[in-house]
Amino acid sequence: MVVIPKEDGGIEVYPLKNWLRQNREYLPAGLDATSNTSHQLRAALRQAGWTMQETPDEVRLILPGHSAHVVDDVLGGAKDAEDEGADDAAAYFSLEYQLRDFLASNLSSIDFGGRRLRLYVDPTGRDGIEYPTSVGPIDILAVDDTGAFFVFELKRAQSSDRVLGQVARYMGWVKQTIGRDVDVSGIIVSKSVNRNLKYARTVVPNIHLFEYTVSFSVTPAHAITD
């Protein structure tokens, strides 16, 4: 989301790609608001001096020259992306796109409840990372060996029950468009799944919940041998 503080103390919020299409003077050189991913656009805007904040539900890009504290006062619930996680002892992906890129690169080697998945690639060659739809981009769109679709929604920290409606919306779009004749399931991946979401999921059996863990270790280097 693009966040623009106003002189009267208010805030205007717009979807990133839609705003860039209408305000092309802010579009980073060499990038396109339709063909480039949100991750690519975010990275370029940060290099251009925009401030990025992340909440469990959205990423905010604040127009240069405006204070991030003003946005916090109005919208609340965010930290600067660079500071996110500094006060959390548990290891997790600091940004959702890091979790997305890791999963997308390792889909075939991860066991999702007995399913082996791969990225969906449409007839135009567009892959399933931030797959565009009329109801918003899908984090990862995957398929299994039978051609069934799996819609991924990723949360780097904790998932609340609100994410269920988000996944259902994307699943509905897939079912009504490219997946009319196949099964469509949802997969929510987050650092932790809260109790409310677990209860809500019991009545939506084709949405599956997964939690991830991050581990890191250091081992001594082997000594030089002849």
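The following dialogue examines how named features of this predicted model meet their criteria.

Trainee: What is the overall make-up of the protein chain?

Mentor: The protein chain has six helices and eleven strands. Of its 226 residues, 40% count as buried. The accessible surface comes to about 12,600 Å², and carbon and sulfur atoms account for 50% of that surface. Among contacts between residues at least 6 apart in sequence, 49% join residues at least 24 apart.

Trainee: What makes the contact of Glu 130 with Arg 100 a salt bridge?

Mentor: The closest N and O atoms of Glu 130 and Arg 100 are 3.0 Å apart. The criterion asks for a side-chain nitrogen of Lys or Arg within 4 Å of a carboxyl oxygen of Asp or Glu, so the pair qualifies. Glu 130 sits in strand β7 (residues 129-131) and Arg 100 in helix α4 (residues 96-106), so that the pair links distant parts of the chain, 30 residues apart. Arg 100 and Glu 130 also belong to a network of salt bridges that includes Asp 101.

Trainee: Why is Glu 130 called buried?

Mentor: Its relative accessibility is 10%. Buried means under 20%, and Glu 130 therefore counts as buried. Arg 100 is buried as well.

Trainee: What is notable about the backbone of Glu 130?

Mentor: Phi of Glu 130 is near 50°, a positive value in a residue other than glycine. Most residues other than glycine have a negative phi.

Trainee: How do you know that Asp 145 and Arg 118 form a salt bridge?

Mentor: Their closest N and O atoms are 3.6 Å apart. The limit is 4 Å, so this pair also satisfies the definition. Asp 145 lies in the loop between β8 (138-143) and β9 (149-159), while Arg 118 is in strand β6 (residues 118-119), so the pair ties together parts that are 27 residues apart in sequence.

Trainee: Which accessibility class applies to Asp 145, and which to Arg 118?

Mentor: Asp 145 has 71% relative accessibility. Exposed means over 50%, and therefore Asp 145 counts as exposed. Arg 118 has a relative accessible area of 43%. That value falls between the 20% limit for buried and the 50% limit for exposed, so Arg 118 is partly exposed.

Trainee: What makes Lys 155 and Glu 153 a salt bridge?

Mentor: Their side chains meet at 3.4 Å, N to O. This lies within 4 Å, so the criterion is met. Both Lys 155 and Glu 153 are buried. In the whole structure, the search finds five salt bridges.

Trainee: Why is the pair of Trp 19 and Trp 50 called edge-to-face?

Mentor: The ring centres are 5.8 Å apart, within the 6.5 Å limit, so the rings pair. Their planes stand at 75°, and an angle over 60 degrees counts as edge-to-face, so the name applies. Trp 19 is in helix α1 (residues 16-22) and Trp 50 is in the loop between α2 (38-47) and β3 (51-54), 31 residues apart. Both Trp 19 and Trp 50 are buried.

Trainee: How do you know that Tyr 120 and Phe 149 are edge-to-face?

Mentor: The distance is 5.0 Å centre to centre, and the angle between the planes is 65°. The limits are within 6.5 Å and over 60 degrees, so both conditions hold. The pair links distant parts of the chain, with Tyr 120 in the loop between β6 and β7 and Phe 149 in strand β9, 29 residues apart. Both residues are buried. Ring pairs also link Tyr 120 and Phe 149 with Tyr 131 and Trp 173 into a cluster. The structure holds eight aromatic pairs.

Trainee: What makes β1 and β2 a strand pair?

Mentor: Strand β1 (residues 2-5) and strand β2 (residues 11-14) share four bridges in the antiparallel sense. At least two bridges are required, so the strands pair. One of the bridge partnerships joins Ile 4 to Glu 12 in β2.

Trainee: In which sense do β1 and β4 run?

Mentor: Strand β4 (residues 59-62) runs parallel to β1, with two bridges between them. Val 2 has Leu 61 as its bridge partner in β4. Both faces of β1 are covered, since Val 2 and Ile 4 on one side and Val 3 and Pro 5 on the other are all buried.

Key. Residues numbered from 1 in each chain as written. Predicted model: local features only at pLDDT ≥ 70, side-chain atom pairs only at ≥ 80, totals over all residues. Heavy atoms only, no water. Buried < 20%, exposed > 50% of the residue type's maximum accessible area, 1.4 Å probe, protein only. Contact = heavy atoms within 4.5 Å. Areas by Shrake-Rupley, 256 points an atom, 1.4 Å probe, with all protein chains shown as cover. Phe/Tyr/Trp six-rings, centres within 6.5 Å; stacked < 30°, edge-to-face > 60°.
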